[in-house]
Amino acid sequence: MTEIERSGFATFVGRPNVGKSTLTNALVGEKIAITSEKPQTTRRAIRGILNRPHGQLVIVDTPGIHKPRTLLGERLNDLVEQVLGDVDVIGFCVPATEKVGPGDRRIAASLDGYGRAKKIAIVTKTDAADRDQITERLIEVDALREDWAAVIPLSALTREQLDVLSDEMLALMPEGPPLYPEGVVTDESIEDRIAEMIREAALEGVRDELPHSIAVVVDDVTPREDSDLTDVHASIVVERDSQKAIIIGRKGSRLAEVGARARAGIEELLGTRVFLGLHVKVAKEWQRDPKKLGRLGF
């Protein structure tokens with residue numbers, strides 16, 4: 001008897017910084033979502049595609065659910081709601097290293113609003129916890145809801161139990177053929193992936209108030225004639241002149257670091273050497289301005 005082919009959409013929810021993007025990348029086997037120690041790094045619904053012998057999982061990486069302080073924050077929360085209403089499986093993530101708190105309980109309870117989706121509880125970052133912590137976390141998480149289809153401890157870093165998770169998610173998917181052709185790992189455009197790599201490099205080492213103010217727009221990607229070089233021009237957009245100064249750094253030193261960090265990932269993505277031209281622009285209070293948000297793609 002041949003095994004039934006299944007395919008469908010899954011997403012991970014949880015407080016910001018519980019490892020959702022890292023888990024998405026580990027499952028897909030390629031970096032499609034940027035990761036950072038800063039909360040609310042993810043700003044779009046990014047789809048990663050995982051092909052298994054008996055089906056296909058499309059994993060939608062979403063922003064962390066948080067109390068919005070700006071119009072951007074509200075739009076990110078709306079995006080999460082929209083995704084949650086459409087997926088077949090929701091994986092609720094809690095790190096093994098932290099006790100379950102009010103934020104986790106609130107998110108777990110909010111899953112009542114998505115009756116269609118099957119729910120899995122995932123204890124992440126087990127590589128950073130001892131056995132007692134993991135056991136304690138599994139008991140706490142298990143108690144949050146009665147309808148978990150499974151409770152799985154795992155580490156995206158060491159890949160421990162990743163197969164268990166993908167098998168479990170696939171088993172919960174509806175029957176059907178693959179949704180994307182083989183060999184496709186994401187539906188993100190090259191420009192979007194480049195913009196995210198630059199933003200990830202810009203986020204490294206910046207102060208707490210700055211991350212939310214950074215947006216990146218790719219202006220141009222052009223292969224140079226008679227050369228294995230690709231010219232990439234992009235704008236880093238911030239909200240204030242003082243932030244522009246922080247991004248550029250003394251005599252342009254910080255911007256040069258951002259460029260060097262981002263270039264490595266972009267070269268790997270494009271498969272060519274890259275000339276990366278970065279400009280820093282100020283768009284006052286763009287997180288609160290509907291027109292500016294629209295222009296920046298939110």
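**Figure 1. Salt bridges across the whole predicted model.** A search of the whole structure, which is a predicted model, finds 15 salt bridges. The views that follow take up several of these contacts and then turn to the strand pairing around strand 1.

**Figure 2. Arg52 and its two acidic partners in helix 5, Asp163 and Asp167.** Arg52 makes a salt bridge with Asp163, in which the closest N and O atoms lie 3.5 Å apart. Because Arg52 belongs to strand 2 (residues 46–52) and Asp163 to helix 5 (residues 162–171), this pair ties together parts that are 111 residues apart in sequence. Asp163 itself is partly exposed, its relative accessible area being 49%. The side chain of Arg52 also meets that of Asp167 in a salt bridge, with an N to O distance of 2.6 Å. This second pair again links distant parts of the chain, from Arg52 in strand 2 to Asp167 in helix 5, which are 115 residues apart. With a relative accessibility of 42%, Asp167 counts as partly exposed.

**Figure 3. The salt bridge between Asp228 and Arg273.** The closest N and O atoms of Asp228 and Arg273 are 3.0 Å apart. Asp228 sits in the loop between strand 7 (215–223) and strand 8 (229–238), whereas Arg273 is in strand 9 (residues 273–282), so that the pair links distant parts of the chain, 45 residues apart. The two partners can also be described by their accessibility: Asp228 is partly exposed at a relative accessible area of 44%, and Arg273 is likewise partly exposed at 46%.

**Figure 4. A network of salt bridges formed by Lys99, Glu136, Arg137 and Glu140.** In this view, the four residues Lys99, Glu136, Arg137 and Glu140 are linked to one another through a network of salt bridges. As a general background to this and the preceding views, side chains of opposite charge can pair when their charged atoms come close.

**Figure 5. Strand 1 and its parallel neighbours, strand 3 and strand 4.** Six of the eight residues of strand 1 (residues 6–13) are buried, and the strand is therefore largely enclosed by the rest of the structure. Strand 1 pairs with strand 3 (residues 55–61) in the parallel sense over six bridges, and within this pairing Ala10 stands opposite Ile59 of strand 3. Strand 1 also runs parallel to strand 4 (residues 89–95), to which four bridges join it; here the bridge partner of Thr11 is Ile90 in strand 4. For reading such a view, it helps to recall that in a regular strand the side chains alternate between the two faces of the sheet.

Key. Residues are numbered from 1 along each chain as its sequence is written. This is a predicted model: local features need pLDDT of at least 70, side-chain atom pairs count only at pLDDT 80 or more; totals for chains, interfaces and linings use all residues. Side-chain values use heavy atoms; hydrogens and water are left out. Buried means under 20% relative accessible area, exposed over 50%, partly exposed in between (1.4 Å probe, protein chains only). Two strands pair if DSSP finds at least two bridges between them.
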